Amino acid sequence: MTLELTLQPTPVALAPGVATRVPVELHNRNAAPIAVRVGVARGRASGWAYVEQPDIVVAGGRTETVEVILAPPADQPPSTSMVPFTVQATESGTGEPAGFATGLLTVAIPIPVVGTMTERPKARTTYDLTLVNEGAVAAPVRVNAELDPPAGHISATPAAVRLEPGQSVTVTITAKPARPFMGTPRPYFVVAEVLDADDPDRPPLLTATSKGTRKPRVATWAAATVAIVLALGATAAVAFSGIRIPLPGSRRGDSPPPAAATPPAAVTIARPYALVDVFPHKGDDGGKGAAEAARQRLATAGMPVKLVDSLQSNDLADQGTGFWVLLQDGFPSPEAAQQFCAQWKPIAPKCAVTT
């Protein structure tokens, strides 16, 4: 075969009525370019699977990526076992086989769980996540709660529950985000994901997000007062010591002080946005190398993401030394952002929506 096709090694978890994108890599082993048409071979999944932009030219020795769209209908029955599907490439001119790859998929039972998360008015950093099973079968679910930025502690009680048809349950989420030492109040986000307890690899059944603020340990006015007192003390010490501090331009030949560097323009993040991953500023390169490597990996797989320094944005938390943040914004609605995360969940499992 001229082409070597590669699919992800893990099975693809699908939900009825939801389209999922699966990347396929095509590597040309020969030196000459080849024009092919990529499609899904006949089988159990071929009726609701297709390739976006199936016609492609792969240069000699190069690798290109196409996407298979797997969109089981809303009434698709769940699969009791793994279902194989084959992606094949045929030469455009002759129709001769050029390469193929086989993957596995599973269609999960839809679990119609809905919910809302609200902050308790008299207990800040404590949230009530109310879940309701609107389906006709029992729904075992697990709640995963995280802080963004990931500084502090958070817990969900109960973390797992079995919802009977029509049953409602309230999960208590207690957050203790780390407090900045001084400065202005810092924003933080509580992200709660409700997962299928029987199939933790499938996309979250729902994601709820809430925003809060954390006051610093030392208020801005107190820090300013201390700074003034120290400055006055230093001035008095210089006065009593008799030391004269030379002023700029007091001697000929003195060069003028260098101009202050212009600070970089602040980066604006449009809400809602999809938070993909976070890397703290640490190490010799300030953590940028690891963040850039992750961005390049996702870009190679076809996932559009931005790399933003939290210290250059007023919309992102920059607790401590700051963070490198992988995200994507510009979505018209939270539902569109949630669909983006569900689409790229196989390669970006931490993707969560922030409103």
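Accessible areas come from the Shrake-Rupley method with a 1.4 Å probe, and I start from that definition since my opening entry is about surface.

**Entry 1, the whole chain.** I note at the outset that this is a predicted model. I looked up the surface and found that the protein exposes about 19600 Å², of which carbon and sulfur atoms supply 57%. I then turned to the residues themselves: the protein has 355 of them, and 39% count as buried. For the secondary structure I wrote down three helices and 21 strands. I also looked at how contacts are spread along the sequence, and among those between residues at least 6 apart, 65% join residues at least 24 apart.

**Entry 2, one sheet.** In what order do the strands of the open four-stranded sheet lie? I read the order as β10-β11-β15-β13, and the pairing is antiparallel. At the edges stand β10 (113–119) and β13 (152–157), and because each has a single partner strand, one side of each is left without a neighbour in the sheet. From one strand to the next, I found that the twist averages 20°. I reminded myself that strands of a sheet pair through backbone hydrogen bonds, either parallel or antiparallel. Following β10 further, I saw that this strand pairs with β11 (residues 126–133) in the antiparallel sense over seven bridges; to place one of the bridges, I noted that glycine 115 has leucine 131 in β11 as its partner.

**Entry 3, the nonpolar cores.** Which residues touch the most other members of the largest nonpolar core? This core has 29 residues, and the ones I listed are Leu3, Leu26, Val36, Val38, Leu70 and Leu105. I chose valine 36 for a closer look and, leaving aside its neighbours within four places in sequence, found contacts that include Leu3, Leu26, Pro54, Ile56, Ala89 and Ala98, and also Asp55 and Glu91. A second, separate core holds 25 residues, among them Tyr127, Val169, Leu205 and Leu206. As background I wrote that in soluble globular proteins, nonpolar side chains tend to be buried together.

**Entry 4, the disulfide.** How many disulfides does the structure hold? I found one, and it joins cysteine 341 to cysteine 351 with an S to S distance of 2.1 Å. Cysteine 341 lies in helix α3 (residues 334–344), whereas cysteine 351 lies in the loop between α3 and β21 (352–354), ten residues apart. I recorded the link as left-handed, with -60° about the S-S bond. Are these two cysteines buried or exposed? Cysteine 341 has a relative accessible area of 2%, so it counts as buried, and cysteine 351, also with 2%, is buried; the cut-off I applied is under 20%.

Terms used: Residues are numbered from 1 along each chain as its sequence is written. This is a predicted model: local features need pLDDT of at least 70, side-chain atom pairs count only at pLDDT 80 or more; totals for chains, interfaces and linings use all residues. Side-chain values use heavy atoms; hydrogens and water are left out. A disulfide is a pair of cysteine sulfur atoms within 2.5 Å. Buried means under 20% relative accessible area, exposed over 50%, partly exposed in between (1.4 Å probe, protein chains only). Contact means heavy atoms within 4.5 Å. Two strands pair if DSSP finds at least two bridges between them. Axes are lines fitted to C-alpha atoms, for helices over the stretch in contact, and angles run from 0 to 180 degrees between N-to-C directions. A nonpolar core is a set of buried Ala, Val, Leu, Ile, Met, Phe, Trp, Tyr and Cys residues joined through side-chain atoms within 4.5 Å.
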